[in-house]
Amino acid sequence: MSLVDGNPSPLKWVVIDVTTISQIDAAGEQAMWQLQQALAEREIRLALAGRKRQIERRAQMQGQLERVKRDFLLFSTLKRARIAYENDLQAQHDLNHRPEGAAP
């Protein structure tokens with residue numbers, strides 16, 4: 001968390017490319033949930049890029065699909081995560097720089 005806390009500009013997302021992770025054990029899952037919680041406390045979203053279907057399938061089998069979809073941003077590729085992040089930044093910029101009195 002020192003990289004997050006020490007970053008000179010506020011972070012909105014942390015993206016992990018999980019394409020190289022072929023299996024994850026209970027300790028790995030617990031570590032991901034702990035990271036997600038620590039980031040959420042700082043109002044930062046945790047995005048997982050790659051293996052979206054596998055993550056959703058495993059979460060479904062564990063009865064955790066709704067929670068996973070609520071607490072993580074899931075993308076099929078790193079490129080899709082980057083595009084979504086850029087769109088989110090643009091939407092925030094537009095919201096923060098709209099003319100006074102303009103409807104959202």
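Student: Which helix lies across E1, E2 and E3, running at about 170 degrees to E1?
Tutor: In this predicted model, the helix that lies across E1, E2 and E3 at about 170 degrees to E1 spans residues 78-96. Its name is helix H5.

Student: In what order do the strands form the open sheet, and is the pairing parallel or antiparallel?
Tutor: The open sheet is formed by 3 strands, and their pairing is parallel. Strand E1 (13-17) and strand E3 (72-75) each have a single partner strand and therefore stand at the edges, with one side of each left without a neighbour in the sheet. Neighbouring strands are turned by 20 degrees against each other on average, direction ignored. The order is E1-E2-E3, and the sense is parallel.

Student: Which residue is the bridge partner of leucine 48 in E3?
Tutor: Strand E2, made of residues 45-49, pairs with E3 in the parallel sense over 4 bridges. For leucine 48, the bridge partner in E3 is leucine 74.

Student: At about what angle to E2 does helix H2 run?
Tutor: Helix H2 covers residues 26-41 and, in the model, lies across E1, E2 and E3. Relative to E2, helix H2 runs at about 140 degrees.

Student: How many aromatic pairs does a search of the whole structure find, and why is the pair of tryptophan 13 and tyrosine 85 edge-to-face?
Tutor: The search of the whole structure finds 3 aromatic pairs. The rings of tryptophan 13 and tyrosine 85 have their centres 5.2 Å apart, and planes over 60 degrees apart count as edge-to-face. Tryptophan 13 lies in strand E1 and tyrosine 85 in helix H5, so this pair ties together parts that are 72 residues apart in sequence. The pair is edge-to-face because its planes stand at 65 degrees.

Student: Is tryptophan 13 buried or exposed?
Tutor: The cut-off for buried is under 20% relative accessible area, whereas tyrosine 85, with 27%, is partly exposed. Tryptophan 13 has a relative accessibility of 13%, and therefore counts as buried.

Student: How many residues apart in sequence are the parts that tryptophan 33 and phenylalanine 72 tie together?
Tutor: The rings of tryptophan 33 and phenylalanine 72 have their centres 4.9 Å apart and their planes at 75 degrees, so this pair is edge-to-face. Tryptophan 33 counts as buried at 18% relative accessibility, and phenylalanine 72 counts as buried at 5%. Because tryptophan 33 lies in helix H2 and phenylalanine 72 in strand E3, the parts tied together are 39 residues apart in sequence.

Student: Which residue has its charged end over the ring of tryptophan 33?
Tutor: The charged end in question sits 3.6 Å from the centre of the tryptophan 33 ring. This charged end belongs to arginine 67.

Conventions: Residues numbered from 1 in each chain as written. Predicted model: local features only at pLDDT ≥ 70, side-chain atom pairs only at ≥ 80, totals over all residues. Heavy atoms only, no water. Pairing = 2+ DSSP bridges. Helix = DSSP H or I, 4+ residues; strand = E, 2+ residues; numbered from the N terminus. Axes fitted to C-alpha atoms, helices over the stretch in contact; angles between N-to-C directions. Contact = heavy atoms within 4.5 Å. Phe/Tyr/Trp six-rings, centres within 6.5 Å; stacked < 30°, edge-to-face > 60°. Buried < 20%, exposed > 50% of the residue type's maximum accessible area, 1.4 Å probe, protein only. Lys NZ or Arg CZ within 6 Å of the ring centre and 35° of its normal.
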